[in-house]
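Hi,

Here is the structure I said I'd pass along. Have a look at it first, and my notes on what turned up follow below.

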Amino acid sequence: MKRALGLGEIMIQMNPTEKGALRFQTLYERHVAGSEANTITQMQRLGIECSFLTAVGADEFGKVVLASLRSEGIDTSGVVIDEKNPTAVYFVQRGYPVPDKTMVFYYRKGSAASNFGPQHLKEEYFKGLDLFLVSGITPALSDSCKEASLKAVELAKKHSAKVAFDTNIRINLLKTKENAMKTLEPFIRKADILFTGMGDLAMLFESDFDRSRESLRKMAEQARLLVFKKGSGGIEAIVDGKRYSMPSYKVPVVDELGAGDACDGAFLASYLLGKPVEEALRYANVAGAITVSLKGDIEPLPDWKAMETFLASQEAGEKRLLR
Ligand code: KDG
């Protein structure tokens, strides 16, 4: 069985039952989410043996986070229970002020996970590992998280695991374009598999997609595999210099949070299982489409059967249209 390890913060997500400005919301659903944990959960559901590194508070929400990972069968033996600092919470605002767009408001400063540091990493976590995953969110949380992320990348490389990195820029954490570049550049240089999106590319380089894609390729010294997520514009991969692309599926958007993580997870699981790039891209699109059409980041993440059902329904739809 292939093995993957992720590092990042997992938060309690408060997602209102209705769309609109947060100040008018009174009813919320409680979910659990965090970019790297979403991706790792997607991989676990697709048959990869996964472990996760984070810290949670010794509080009620920490128990919820741990229960979420454990209910998936993800190994939590490296999770730190922090007696002093809390599990983070964030609120989601859907459909306001831009219809179909989601905004997030964090209550995560000084959280347990942002106090995670290199001292919490044990070399044994990296032995026999196939893939290590982190994203631009984790090094943006604190200096100790950045150090831990860099050390984890080194340990992964030492033990011949591939390093997957998603630029995942969160401007409410990184604040400026300059800080985004300074924080992410070492990871972009060292990643073996690199994921990014149109917004992140424009933030790091320039708004012209072709030119910024080339700038990223030059900076990514070790990445043999780059994946560009273009939302409704589909998905593209460059593998050993060869370009592949796949259009996205048209589905109703309920909550686009977590869709990029679902894409990463389905792509990485397909890659680790030896599927051809075109298939990996197709599954990445399917996982993204299913995830945007439901609330919550983790609940909608599909297994193989759900993805095949989705694909069959798409094909049936196409046949109906051709008739
Ligand atoms: O990718 C979705 C996540 O970004 C979101 O659910 C929460 O991890 C999160 C973050 O830091 O924004």
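Where α9 passes α10, the crossing is right-handed. This is a predicted model, by the way, so please read everything below in that light. Helix α9 covers residues 259-272 and helix α10 covers 277-292; their axes come within 7 Å and cross at roughly 150°. With angles over 145 degrees counting as roughly antiparallel, that makes α9 roughly antiparallel to α10. On the α9 side, the contact is made by Ala259, Ala262, Cys263, Ala266, Phe267 and Ser270. From α10 come Val277, Ala280, Leu281, Tyr283, Ala284, Ala287, Gly288, Thr291 and Val292. Sort those residues by class and you get 12 nonpolar, three polar and no charged ones.

There's another helix pair to look at, α4 (residues 143-158) with α6 (residues 177-190). Their axes come within 11 Å and cross at roughly 5°, which makes α4 roughly parallel to α6. Helix α4 brings Lys146, Ser149, Leu150, Val153, Glu154 and Lys157 to the contact, while α6 brings Lys182, Thr183, Pro186, Phe187 and Lys190. What does that contact hold by class? Four nonpolar, two polar and five charged residues.

Now the sheets. One is an open sheet of eight strands, and going across you meet β4-β1-β9-β10-β11-β12-β13-β14, with mixed pairing. Which strands stand at the edges? Those are β4 (49-53) and β14 (242-246); each has a single partner strand, so one side of each is left without a neighbour in the sheet. On average, neighbouring strands here are turned by 15° against each other, ignoring direction. At the β4 end, strand β1 (residues 3-7) pairs with β4 in the parallel sense over five bridges. If you want a spot to zoom in on, Gly6 stands opposite Phe52 in β4.

Two helices lie across strands of that sheet. Helix α8 (residues 209-219) lies across β11 (193-197), β12 (225-229), β13 (235-239) and β14, and runs at about 150° to β12. Our friend α9 from the top of this email lies across β9 (131-135), β10 (162-166), β11 and β12, also running at about 150° to β12. So α9 has contacts with α10 as well as with these strands.

The other sheet I'd point you to is an open one of four strands, ordered β3-β2-β7-β8, again with mixed pairing. Its edge strands are β3 (28-33) and β8 (102-107), each pairing on one side only. Neighbouring strands in this one are turned by 25° against each other on average, direction ignored. Helix α2 (residues 60-71) packs on this sheet and touches β2 (11-16), β3 and β7, with its direction at about 60° to that of β3. Strand β7 (residues 89-94) pairs with β8 in the antiparallel sense over six bridges, and there you'll find Arg94 opposite Thr102 in β8.

Finally, the whole chain. DSSP-style bookkeeping aside, the secondary structure comes to 11 helices and 14 strands. The radius of gyration is 19 Å, close to the 20 Å that the globule rule gives for 323 residues, so the chain is as compact as a globular protein of that length. Along the principal axes, the C-alpha atoms fill a box of roughly 65 × 50 × 40 Å.

Cheers

Definitions and conventions
Residues are numbered from 1 along each chain as its sequence is written. This is a predicted model: local features need pLDDT of at least 70, side-chain atom pairs count only at pLDDT 80 or more; totals for chains, interfaces and linings use all residues. Side-chain values use heavy atoms; hydrogens and water are left out. Two strands pair if DSSP finds at least two bridges between them. Axes are lines fitted to C-alpha atoms, for helices over the stretch in contact, and angles run from 0 to 180 degrees between N-to-C directions. Contact means heavy atoms within 4.5 Å. Angles under 35 degrees count as roughly parallel, over 145 as roughly antiparallel, 65 to 115 as roughly perpendicular and the rest as oblique. A crossing is left-handed if the near helix is turned anticlockwise from the far one by less than a right angle, and right-handed if clockwise. Ala, Val, Leu, Ile, Met, Phe, Trp, Tyr, Cys and Pro count as nonpolar, Asp, Glu, Lys and Arg as charged, and the others, Gly among them, as polar. The radius of gyration is taken over C-alpha atoms; the globule rule is 2.2 Å times the number of residues to the power 0.38.
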